[in-house]
Amino acid sequence: MPPPRSGRQEAQHDGNAVCEVDAAARSDAAIRAASAELIGLSHAIHAEPELAFEETRSVAKTIAPLAERGFEIETGVAELPTAFRARYGSGALTVGLCAEYDALPEIGHACGHNVIAAASVGAALGLAEVADALDLTVLVFGTPAEESGGGKVLMLEHGVFDDVAMAMMVHPGPLDIVGARSLALADVSVVFHGREAHASAAPEQGRNAGDAVTVAQVALGLLRQHLLPGQQLHGIVGDGGVAPNIVPGRAELLYYLRAVDSASLDDLMRRASACFEAGALATGCTHEIRTLAPTYTELTPDPELLLVYREQLTGSGRVPLAPEFEAQRPLGSTDMGNVTNVIPGIHPVIGIDAGGAVTHQPGFAAASVNASADRAVLDGALALARTAIAVARDDIHRDRLLQRLVQRQEDIR
């Protein structure tokens, strides 16, 4: 049982509670006042989908409401033309909100990154309203190429997140998941080199790189039955030859390897590499394996921040998945995992009604601008802002995050 508070301590505690309620009310009001603008931003990004590192129109749209409200905008950060950092305030506790806006080839915003960007901007507008009162610095990070390219990893490597005490974002999905989990990911290209020949007149002169692909994929298919729990591999043939009457002298596999953590991913990479080598060996070809993007690490959300976010989300009337079931619903992979491995952070899923569709399906792209997605923009913004406010007003949370930041900065030096 905690010791009884003195009259002075009790008054201070009650005053803090009042201040927190007042700050939350002011933040909520700012977000709701901007609701039409935030929903418009979500729809505008959705209407013009752009692929990794090409999100120029989406960046301009995302920056606009921040610049109008006095955020200091720095574009082209980390030597990435479509990355930005927007800053408001100068408080001791720096809250980072990650905005994603890249789309998928052909199926557009089937991962709902338009919702992510709008919710992060909304949370930033709410926090800017109370930044001075709560001794906050509010940062919005425009993070390109989450689907392929690892924008956040590159930004981490360039020190863009070095002064951030906590990092947050919400990702749309079929249901609310507070402690969302993801898989570590390696994005690889395997190129087989053979020798061209006439497929009819002189096939014996050829070495078929396309056959190397076939052998490798058969080996990978047989490997699947022996994978460890959480290990996955899936891919496509990126290049299989140029004409039926030419023995392919070059062929390429594009594969994603995933696992529950980085150690398991290393194991999977070793075993998959043996399958690629088998394809080359069996056909007399050579091969090379290249990593196409930075490796994504698994999400490691901060447990204390998750508790605060869950309280804020349920207070809004949403009913998230129970914690004991969260680990059973991995989300694929995200470069936000790399951020949470360095900075206390969260990456919850905010539920939308997608009519049974899941992310990376055309039906989910259509759902990402329906009425439930619009509600998710506002509910996500409100929950993120309220989480930051609750943390800022709690000395234990605040001191823990600031101490972690100091330690990280000392490690960097």
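1. Lining of the largest pocket. In this predicted model, strand E6 gives the largest share of that lining, three residues. E6 spans 171-173. Strand E9 (250-259) also takes part, and each of these two strands supplies at least two residues.

2. Size and centre. The largest pocket holds about 710 Å³ of space. Its lining counts 33 residues. Closest to the pocket centre are Cys 111, Glu 147, Leu 331, Thr 359 and His 360. Begin with these five when you open the model.

3. Character of that lining. Of the residues lining the largest pocket, 18 are nonpolar, 10 polar and five charged.

4. The second largest pocket. About 400 Å³ of space lies here. Strand E9 appears again, and gives the most to this lining, with four residues. Strand E8 (232-239) and E9 each supply at least two residues. The lining includes His 234, Gly 235 and Ile 236, along with Leu 254, Tyr 255, Tyr 256 and Arg 258. Ser 148, Gly 149, Asp 187, Leu 292 and Ala 293 are also on the list. By class, the lining has six nonpolar, four polar and two charged residues.

5. The cavity. How many cavities of 30 Å³ or more does a search of the whole structure find? The search finds one. The space in this cavity is about 50 Å³. Strand E7 (residues 184-193) makes the largest share of its lining, three residues. Leu 185, Ala 186 and Asp 187 are among the lining residues. So are Glu 146, Glu 147, Ser 148 and Gly 149. Tyr 256, Ala 293, Pro 294, Thr 295 and Tyr 296 line the cavity too. The classes are six nonpolar, three polar and three charged.

6. Residues to follow between sites. Glu 147 lines the cavity and is also listed among the residues closest to the centre of the largest pocket. Ser 148, Gly 149, Asp 187, Tyr 256 and Ala 293 line the cavity, and these residues also line the second largest pocket.

7. A helix pair. Helix H2 (residues 35-47) packs with helix H4 (residues 113-130) at an angle of about 150°, and their axes lie 8 Å apart. Angles over 145 degrees count as roughly antiparallel, so H2 and H4 are roughly antiparallel to each other. Their crossing is right-handed. H2 brings Leu 38, Leu 41, Ser 42, Ile 45 and His 46 to the contact. H4 brings Asn 114, Val 115, Ala 117, Ala 118, Val 121, Gly 122 and Leu 125. The contact has eight nonpolar residues, four polar and no charged ones.

Methods:
Residues are numbered from 1 along each chain as its sequence is written. This is a predicted model: local features need pLDDT of at least 70, side-chain atom pairs count only at pLDDT 80 or more; totals for chains, interfaces and linings use all residues. Side-chain values use heavy atoms; hydrogens and water are left out. Axes are lines fitted to C-alpha atoms, for helices over the stretch in contact, and angles run from 0 to 180 degrees between N-to-C directions. Angles under 35 degrees count as roughly parallel, over 145 as roughly antiparallel, 65 to 115 as roughly perpendicular and the rest as oblique. A crossing is left-handed if the near helix is turned anticlockwise from the far one by less than a right angle, and right-handed if clockwise. Contact means heavy atoms within 4.5 Å. Ala, Val, Leu, Ile, Met, Phe, Trp, Tyr, Cys and Pro count as nonpolar, Asp, Glu, Lys and Arg as charged, and the others, Gly among them, as polar. On a 1 Å grid over the protein atoms alone, a cavity is a set of points where a 1.4 Å probe fits but cannot get out, and a pocket is an open set with protein on both sides within 12 Å along at least five of seven lines; lining residues have an atom within 4 Å of a point. Grid points are joined across faces, edges and corners, and a volume is the space filled by probe spheres set on the points.
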